[in-house]
Number of protein chains: 2
Amino acid sequence: MTLRSEIFEQPDVLRGALSANQSIAARARDMLTGAGIGHILIAARGTSDNAARYAKYAWGTKLSMPVTLAAPSLYTKYQQPPDLSSAAVVGISQSGQSPDLLAVLTEGRRQGRPTIAITNDPESPMADIVDLVVPLKAGPERSVAATKTYTASLLAIAMIADDVVDLDEIPGSVAGALDAEQAIVAAVERTGPMPDAVILGRGYNRSTAFEWALKLQEMAYVLANPFSTADFAHGPFAVLEQDFPLLAVVPAGVIADDNLTLVRRARDEGDARITLLTNIDVPDLPTVNLPMIEEWLSPIMFIVAAQLFTLHAASLAGVDPETPRGLRKVTRTT
Amino acid sequence: MTLRSEIFEQPDVLRGALSANQSIAARARDMLTGAGIGHILIAARGTSDNAARYAKYAWGTKLSMPVTLAAPSLYTKYQQPPDLSSAAVVGISQSGQSPDLLAVLTEGRRQGRPTIAITNDPESPMADIVDLVVPLKAGPERSVAATKTYTASLLAIAMIADDVVDLDEIPGSVAGALDAEQAIVAAVERTGPMPDAVILGRGYNRSTAFEWALKLQEMAYVLANPFSTADFAHGPFAVLEQDFPLLAVVPAGVIADDNLTLVRRARDEGDARITLLTNIDVPDLPTVNLPMIEEWLSPIMFIVAAQLFTLHAASLAGVDPETPRGLRKVTRTT
């Protein structure tokens, strides 16, 4: 099964990229923090947009740079691109082909701004038009649902954010998440049928909530709705009802207490079917226990557990996640 | 019924704010486009975050400014706020009270940046700490679900973006949307029960899709999932199945063709229960026909039709939208 083997390739893919990309990541870091750069504009869609959500926190904390997600239609449909005179422009795309993302990078270049592509295809049109290409080094990804190119994108972002000196921490924790497969299968079986679901995460792992939801949508046809834990408290909380699957990502670190407070409130006021992916001890809630890793790097590990969860949820629902309805590997939007 | 009367107050609220806020909006515009400002950072949550999504397009096209949505946890939980030296900082909040939003504005002030609050409470803590307050002038909003403060926020953003010279276009079109109530009721009845739903919009009306989804969540307990039309094509399309409610906002303008292509594809490949809010003629799809208005101002009109849709969806579901489960009017997140 292609998808399963691509999920299990991830420790090796990450190890390879860690050793190959150190110097190019440092060059990208220098470009993004150069004189006259006040913010980083990222153009991305789908899975890569979730990687951009991670960059918002990783580059926010480690590079002290505000990160702006581009609105591509300003560049294409409306043809009124903003003034990018204080921006560095980064495209994130597995294929490097979607015309709307190319339009953002082309405009950045036209305005004389530094441009970077994070892509799995260094021969792609996106790679052609930028100043620097950070290759994902993930190898060919044949499944429609992106898995290893997502974690490789997160790793590239992390390596640009800061020197990753412990070369085993990330691949080792990802291997540990894969080793948790039996506990993940048990959580899927306990959760049962999922026509829809709410997925919660915050901070660095807001990206994980959004990417887990996207995997559930495209691989298992679950109408999964991702929220920042804080946003969920501002309105959507009302939606909780009997027997609702509530999936949350709770890393060790400064946001754990808030996450747990909200999940416990959901348990007490509703009757949600709760599962936490966590690497802390939470005896009073149903958890999948995963390896310890620094919070800022933890999205790379947590999403791998979420990919396995989704693979088994698809299997339980009798869906073939290799051939999602209505999707192709390369989506071209304008 | 408080909520219903607040929805119907909107033409008057908008007319009042249009005449009261012309000069203060012009002052805000000058501040946001002053020397040394390369991007606008907005801090907002919930409904106000959807207003920020509108600002991303309105200020992007009319002021040529890239708009960045703040990640408040960088300022609170992680205590590693980015360098804001090229930013102007704007808070949008009905109550002006949430501590995480105050933290972003306080940091902007600490870094010596221009700060603006768009709020319905000019005596609030947020109003206290900024250089300029743009008051919503919406009057007291007693319902938990924000309606008139949302359209008043959109109007404030539009007036800051550009001189709104036709003082009747917006309130007039909103009154026209309210006049469409019978067609909206028919659409709700045709749609039937909605445990979940997909809401599509793009460009200026991406904000409408997100706010419509939030209203459905908090007023009618629908697990509504909003998408940019372009993002939906990149993966979530797989989720479409038999009898799925698919609600789309299709304004006259440059994005209409793409929106309609995707909705027709959903109709042909799935069996979604489709309703369009639109002000163009679409004979082959079920529509609620709404007044013509310039696309960039149309989110103010479309959301009012969506509010009415939601009110009647709640009524059909036997839910009292005045007292949403688990919510209070002022939510304080950190």
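Helices here are DSSP runs of H or I with at least four residues, numbered from the N terminus. With that convention in hand I opened the predicted model and began at the start of chain A, where A:Glu6 is found in helix α1, residues 2–8.

**Entry 1, A:Glu6.** I looked up whether this residue is buried or exposed. At 2% relative accessibility A:Glu6 counts as buried, because the cut-off for that class is under 20% relative accessible area. I then listed what surrounds A:Glu6 once its neighbours within four places in sequence are set aside, and found A:Pro140, A:Glu141, A:Arg142, A:Ser143, A:Thr147 and A:Lys148 in contact with it. For A:Arg142 I also noted a polar approach, since its backbone nitrogen lies 2.6 Å from a polar atom of the A:Glu6 side chain. I checked A:Gly139 as well, which is 133 residues away along the chain, and its C-alpha atom is separated from that of A:Glu6 by 9.7 Å.

**Entry 2, A:Asn289.** I moved on to strand β10 of chain A, residues 287–289, in which A:Asn289 lies. Not counting residues up to four places away in sequence, A:Asn289 touches A:Ala180, A:Thr278 and A:Ile280. Its side chain makes a polar contact, at 3.2 Å, with the side chain of A:Thr287. I took A:Leu214 as a further reference point and recorded that A:Asn289 and A:Leu214 are 75 residues apart in sequence, while their C-alpha atoms are 22 Å apart in space.

**Entry 3, B:Asn50.** In chain B I looked at helix α4, residues 47–62, where B:Asn50 is found. B:Asn50 is buried, with a relative accessible area of 3%. Leaving out residues up to four places away in sequence, I find that B:Asn50 touches B:Tyr150, B:Ser207, B:Phe210, B:Glu211 and B:Leu214.

**Entry 4, the interface of chain A and chain B.** I next asked how many residues each chain brings to the contact, and the count is 71 residues from chain A and 71 residues from chain B. Between them the two chains bury about 5,600 Å², of which 56% is on carbon and sulfur atoms. I counted 4 salt bridges between chain A and chain B, and one that I looked up individually joins the side chains of B:Asp231 and A:Arg45, with 2.9 Å from N to O. The rule for polar contacts finds 15 residue pairs across this interface, both residues being at pLDDT 80 or more.

I then went through the elements of chain A and noted that α4 (47–62), β2 (67–69), β6 (196–201), α10 (206–220), β7 (223–228), α11 (229–233) and α12 (256–269) each supply at least two residues of the side that touches chain B. The largest share of that side, 6 residues, comes from β7(A). Sorted by class, the side of chain A that touches chain B has 34 nonpolar, 22 polar and 15 charged residues.

**Entry 5, how the copies are related.** I looked up which rotation superposes chain A on chain B. The rotation is 180 degrees, with 0.0 Å of shift along its axis, and the RMSD is 0.0 Å. The two copies are therefore related as by a two-fold rotation axis. The same surface serves both copies, in that 100% of the contact residues of chain A recur in chain B. Last, I asked which residue of chain A comes closest to the rotation axis, and I recorded A:Thr68, whose C-alpha atom is at 2.3 Å.

Terms used: Residues are numbered from 1 along each chain as its sequence is written. Chains are lettered from A and ligands numbered from 1 in the order in which they are written. This is a predicted model: local features need pLDDT of at least 70, side-chain atom pairs count only at pLDDT 80 or more; totals for chains, interfaces and linings use all residues. Side-chain values use heavy atoms; hydrogens and water are left out. Contact means heavy atoms within 4.5 Å. Buried area is the accessible area (1.4 Å probe) that two parts lose on being put together, summed over both. A polar contact is a pair of N or O atoms within 3.5 Å; within protein, one must be able to donate a hydrogen and the other to accept it, and residues adjacent in sequence count only if both atoms are side-chain atoms. Ala, Val, Leu, Ile, Met, Phe, Trp, Tyr, Cys and Pro count as nonpolar, Asp, Glu, Lys and Arg as charged, and the others, Gly among them, as polar. Copies are superposed by least squares on the C-alpha atoms of residues with pLDDT of at least 70 in both. Buried means under 20% relative accessible area, exposed over 50%, partly exposed in between (1.4 Å probe, protein chains only).
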